[in-house]
Amino acid sequence: MGNRINKGEAVANRLAMLTMAVMPLMIQASVAAAPPASPPAQAPWRDVTPRSGLAGWHATGGNATYRFDHGELIGLAEPGKTNSWLVSDAQYGDFIIEFDAKTDPALNSGMMIRGQSRPDYRNGVVYGYQAEIDPSSRAWSGGLYDEQRRQWLYTLGRNEAARTVYRSGDWNHYRVEAIGTRLRTWINGVPAADVVDDADARGFIAFQVHAIPDADAARHPEVRFRNVRVITEAPARFAMPATPLPQQGWLSNRLSTGEQRAGWTLLWDGKTGAGWRGIKTTGFPRSVWTMPGGVLHVEAGGGDIITTRSYRNFELSVDFKLQPGANSGIKYFLDPGMLASKGEAIGLEYQLLDDERHPDAKMGRDGNRTLGSLYDLIPAKNLSDPASPGKRINPPGEWNRAVIVVRGNHVEHWLNGFKMVEYDRGSPAFRALVAQSKYAGVPGFGEGKQGPILLQDHGGQVEFRSIKLREL
C-alpha cells in the first residue's frame, strides 16, 4: 500500500514534470525579453612573460640560469648558497598579476611582488614580498613571505583549504593583488593570504630559483613559469570580491579595516598608558615604561604592567623586539588571590627570551624556558612544520610576532606564524606538568576563568608594539 499512487497524484506528477521541462524555456524567454545589460568591462591584461633574450629583465643573486623555451620561462638551479632572481626592469605600484608555475618537488621558489634592492640594505640583496611556491609537505604555496626582512607575513598554518589544492610537480595557477596597502593571493582559485602592510608601495617583480644543497645540485632541478600577465590600469576595478579569509595586519599600532570587522581592538594606543597599570600600582609607570616613536620600551627595573581589564576567551597578538640577552614574557590567567593580596604575577607565561645569550634557555626541563614556550611547562616546538622543527626567529634587534589563542581550556602559542605550543588547561597531562614545575605548590595554577594580560620586565631591553586582541 505504501508504494501505490492514486490518479490524482499521477496527474499532479505529470504536471510537475511538464512544468520542469518548460521552466528553462520560460527563463530563456524572460532573459531574451529583458533589455540587454551593459557588458562587463574587458580586463586590460598585458602579457609580461619574459621572452627569448630576456629583454627587460636581469638576473641577480645566485648562480641559477634562466631561459625562454616554447612559451615558458625556465629557471635552472645551480650549486650555491644564495637565492637567484630574474628581476624586471619595470617598477609596479598597484597591480594584479596572474601566472602559472611548476617546480621540481625538491625546489622551493616564488614570485617577488613590489620587490626591492638597495646598495645600503645588505649589499643590494633582493628583498620584499614574495608569493610562495612551496612543494614541500608543509604545502604553504600562496602564502606571503617577506624575503630577507621579516620572514612570514601570512603562513598557511590555519588555511587548510589552500594547502590541499597545490599540485606538486604539476602546473599551479597563482593570482596576486597588490592594491594600496593590501596584498591578497590565490592558489588554484582558492584564497591563500590576505595581508595589510605599508612597507613597500612600489617595486619590481621577480622570479625566484631558491638556493639548493649540494646533494641536489647534480639533478639540476628547475622551476617553470608561463602565462604571466598583469593589470596596471585601475586594478581595483578588477579585484576579486571579499573572501572569508582572516586578514593579517602589519600596520604599526593600527588596525586594518579587515581586522576591525573581525573584532580586533588595540590594547595599547601607541601613545599613552590607557588601559594598563603597574602590577603594584593603580597608575601606569610612565617613568620606566617609555613610548618613543610609538614603541613601548622597558629596561630592567621598570616592573611588570597589566591590563585594567580581564579576558577569558581571546586571541592576542603582540609584536616584540628583544635586545641581546633580554628576558621577558607575556602572562595570562594570573592567580587573582596573589595578584590582589601581594601584587605577585603568578600565571601562565609565553616566554620571551634571547635563547642564544640568556642562561635561562638552558634551565628548566627539555628547553621549556626558551622563546615561545609555556614557561617551565612545555617547550616550544615547530608543530606547524614537523619536518623542519627549528623555530623561525628574527634575531635580537628585529621584530617578531607572538600570538596566544585561548578557547575555553584549549590554548595555543604561535611564533611568527608557526604553532609552537598546544595544550588544555586542567587536563591530566597539564596538571602532571604543573606538578613537576616551579608552580607545584600553587593551587589551581593556570585554571582560572579569566584574568588580565601582563607584559613582564625581567631584565634587559624589550620593546612592544601593535598589541591587539579579539575576544572569541
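**A walk through a strand-rich model**

Let's begin at a turn: strands S12 and S13 form a hairpin with 2 residues between them, and there Asn-188 takes a positive phi near 50°. Keep in mind as you look around that this is a predicted model.

Now follow the two arms of that hairpin. Strand S12 covers residues 182-187 and runs antiparallel to S13, with 6 bridges joining the pair. If you want one rung of this ladder to look for, find Thr-185, whose bridge partner in S13 is Ala-193.

Is strand S13 mostly covered or mostly open? Residues 190-196 make up this strand, and 6 of its 7 residues are buried, so "mostly covered" is the right description, given that buried means under 20% relative accessible area. S13 also has another partner, strand S16, which consists of residues 248-249. Here the strands run parallel, and 2 bridges join them. To find this place in the model, look for Val-195, which stands opposite Gln-248 in S16. As a general point to carry along, the side chains in a regular strand alternate between the two faces of the sheet.

Next, let's visit another part of the structure. Five strands build an open sheet here, in the order S18-S21-S28-S23-S24, and their pairing is antiparallel. Which strands sit at the edges? They are S18 (276-278) and S24 (348-353), each of which pairs on one side only. Within this sheet, look at S21 (residues 305-307) and S28 (residues 454-455): the two run antiparallel and are joined by 2 bridges. One pairing you can pick out links Ile-305 to its bridge partner in S28, Leu-455.

Time to step back and view the whole protein. Its secondary structure comes to 6 helices and 29 strands. The protein has 472 residues, and buried ones make up 50% of them. Contacts tell us about the fold as well: of those with a separation of 6 or more, 67% are between residues 24 or more positions apart. On the outside, the accessible surface comes to about 21800 Å², and carbon and sulfur atoms account for 54% of that.

Finally, how far can you trust what you see? The average pLDDT of the protein is 90, and 90% of the residues score at least 70. Residues 1-39 are another matter, with pLDDT below 50 and, beyond near neighbours in sequence, 3 contacts in the model. Where pLDDT is low, the predicted coordinates should not be read in detail.

Notes: Residues numbered from 1 in each chain as written. Predicted model: local features only at pLDDT ≥ 70, side-chain atom pairs only at ≥ 80, totals over all residues. Heavy atoms only, no water. Buried < 20%, exposed > 50% of the residue type's maximum accessible area, 1.4 Å probe, protein only. Helix = DSSP H or I, 4+ residues; strand = E, 2+ residues; numbered from the N terminus. Pairing = 2+ DSSP bridges. Contact = heavy atoms within 4.5 Å. Areas by Shrake-Rupley, 256 points an atom, 1.4 Å probe, with all protein chains shown as cover. pLDDT = per-residue confidence, 0-100.
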